[in-house]
Amino acid sequence: MSHDTLALVTGANRGLGLEFVRQLLAAGRRVVATARQPGRATDLNTLAGEHPGRLHVLPLDVADARSRAELLRELPLVTGGDGAPRIALLVNNAGVLHSGERFGAVPEANLEDSLRTNAIGPFLLVQALAPLLADGARVANLSSQLGSIGRVSRFGTPSYAISKAAQNMATAQLAQALAPRGIVLVALHPGWVQTDMGGAGADVAATDAAAGLLRVIAGLEAGDSGRFLDWQGEPLPW
Ligand SMILES: NC(=O)c1ccc[n+]([C@@H]2O[C@H](COP(=O)([O-])OP(=O)(O)OC[C@H]3O[C@@H](n4cnc5c(N)ncnc54)[C@H](OP(=O)(O)O)[C@@H]3O)[C@@H](O)[C@H]2O)c1
């Protein structure tokens with residue numbers, strides 16, 4: 001299989017990340033799936049066994065500089081060794097939501113962790129991986145409508161909302177930086193999805209959200225870079 005089909009998905013141990021990996025493998029792609037603790041990523045490791053040579057599971061804590069540097073060192077080893085791997089699709093899916101925050105008692109640690117995981121980490125990861133991205137690659141940053149300043153109607157999950165708004169700006173900035181290479185970056189809202197983060201009462205099944213987002217990604221054109229879209233391709237206000 002050509003290196004041009006290589007996809008990298010972060011936060012793939014469970015939830016949407018795992019579903020992206022399943023569907024990308026089913027579509028015949030070669031996938032690098034990252035997890036904070038690959039040894040405990042039972043579903044990913046089962047998938048790797050079912051798709052010999054097509055799924056590589058590597059450790060990554062997106063919020064940790066040393067872990068990001070280690071991923072950069074390991075990537076060429078698992079993706080063929082015949083030169084730099086060319087990543088055609090990067091899905092920055094890893095994310096954290098600290099629930100239960102109340103005005104007057106929002107912990108600084110929640111804000112710091114959210115910003116590091118949801119905004120700073122993905123920004124620095126794209127910057128570091130840029131030399132390994134194929135020209136014309138797609139980069140999907142999993143955002144949220146809760147990061148839309150235009151949609152704010154109540155005080156809720158401020159650490160998450162602030163970090164996703166920051167991530168949206170990171171997407172817009174990176175879209176500009178990588179435009180000369182035809183690399184298309186988008187901020188994507190997956191809907192309210194049935195995962196550990198979204199809860200069982202959410203609207204959309206993870207399989208449907210991932211399928212919708214992969215359809216949106218497949219339909220992206222150069223002019224879409226820097227846009228904020230939902231899982232059905234509808235634009236969201238910043
Ligand atoms: N579910 C929704 O309704 C919804 C709505 C809007 C946006 N989103 C976004 O969609 C993405 C996926 O969400 P989800 O619902 O699948 O969430 P989830 O079920 O909570 O899974 C989150 C994943 O991110 C990983 N992760 C957390 N912190 C990390 C870090 N520092 N480094 C690397 N990985 C880390 C987790 O790893 P471990 O397994 O090791 O904990 C887990 O695999 C997130 O960016 C989220 O903000 C979700």
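This short presentation concerns the ligand site of the structure above and one residue of a loop, R40.

Good morning, colleagues. Please bear in mind that we are looking at a predicted model.

I shall begin with where the ligand is placed. The ligand occupies the largest pocket. Two elements each give two or more residues to the shell around the ligand, namely α1 (15-26) and α5 (158-178). In total, 28 residues surround the ligand, and the closest of them are N13, R14, R36, Y160 and T195. By character, the shell comprises eleven nonpolar, twelve polar and five charged residues.

Let us turn to individual polar contacts. Two of those I wish to show involve the backbone. At V62, a backbone N or O atom is found 2.9 Å from a nitrogen atom of the ligand. At N93, a polar backbone atom lies 2.8 Å from an oxygen atom of the ligand. A side chain also takes part: K164 places a polar side-chain atom 3.0 Å from a ligand oxygen atom. How much of the ligand's accessible area does the protein cover? On its own, the ligand has 890 Å² of accessible area, and the protein covers 94% of that.

I close with R40. This residue belongs to the loop that lies between β2 (30-35) and α2 (42-50). Is R40 buried or exposed? R40 counts as exposed, because its relative accessibility is 63% and the cut-off for that class is over 50%. As for its position relative to N92, the two residues are 52 residues apart along the chain, and their C-alpha atoms are separated by 20 Å.

Thank you for your attention.

Technical notes: Residues are numbered from 1 along each chain as its sequence is written. This is a predicted model: local features need pLDDT of at least 70, side-chain atom pairs count only at pLDDT 80 or more; totals for chains, interfaces and linings use all residues. Side-chain values use heavy atoms; hydrogens and water are left out. A residue is near a molecule or strand if one of its heavy atoms lies within 4 Å of it. A polar contact is a pair of N or O atoms within 3.5 Å; within protein, one must be able to donate a hydrogen and the other to accept it, and residues adjacent in sequence count only if both atoms are side-chain atoms. Accessible areas come from the Shrake-Rupley method with a 1.4 Å probe; for residues, only the protein chains shown count as cover. On a 1 Å grid over the protein atoms alone, a cavity is a set of points where a 1.4 Å probe fits but cannot get out, and a pocket is an open set with protein on both sides within 12 Å along at least five of seven lines; lining residues have an atom within 4 Å of a point. A molecule sits in a cavity or pocket if more than half of its atoms lie within 2 Å of its grid points. Helices (H or I, at least four residues) and strands (E, at least two) are DSSP runs, numbered from the N terminus. Ala, Val, Leu, Ile, Met, Phe, Trp, Tyr, Cys and Pro count as nonpolar, Asp, Glu, Lys and Arg as charged, and the others, Gly among them, as polar. Buried means under 20% relative accessible area, exposed over 50%, partly exposed in between (1.4 Å probe, protein chains only).
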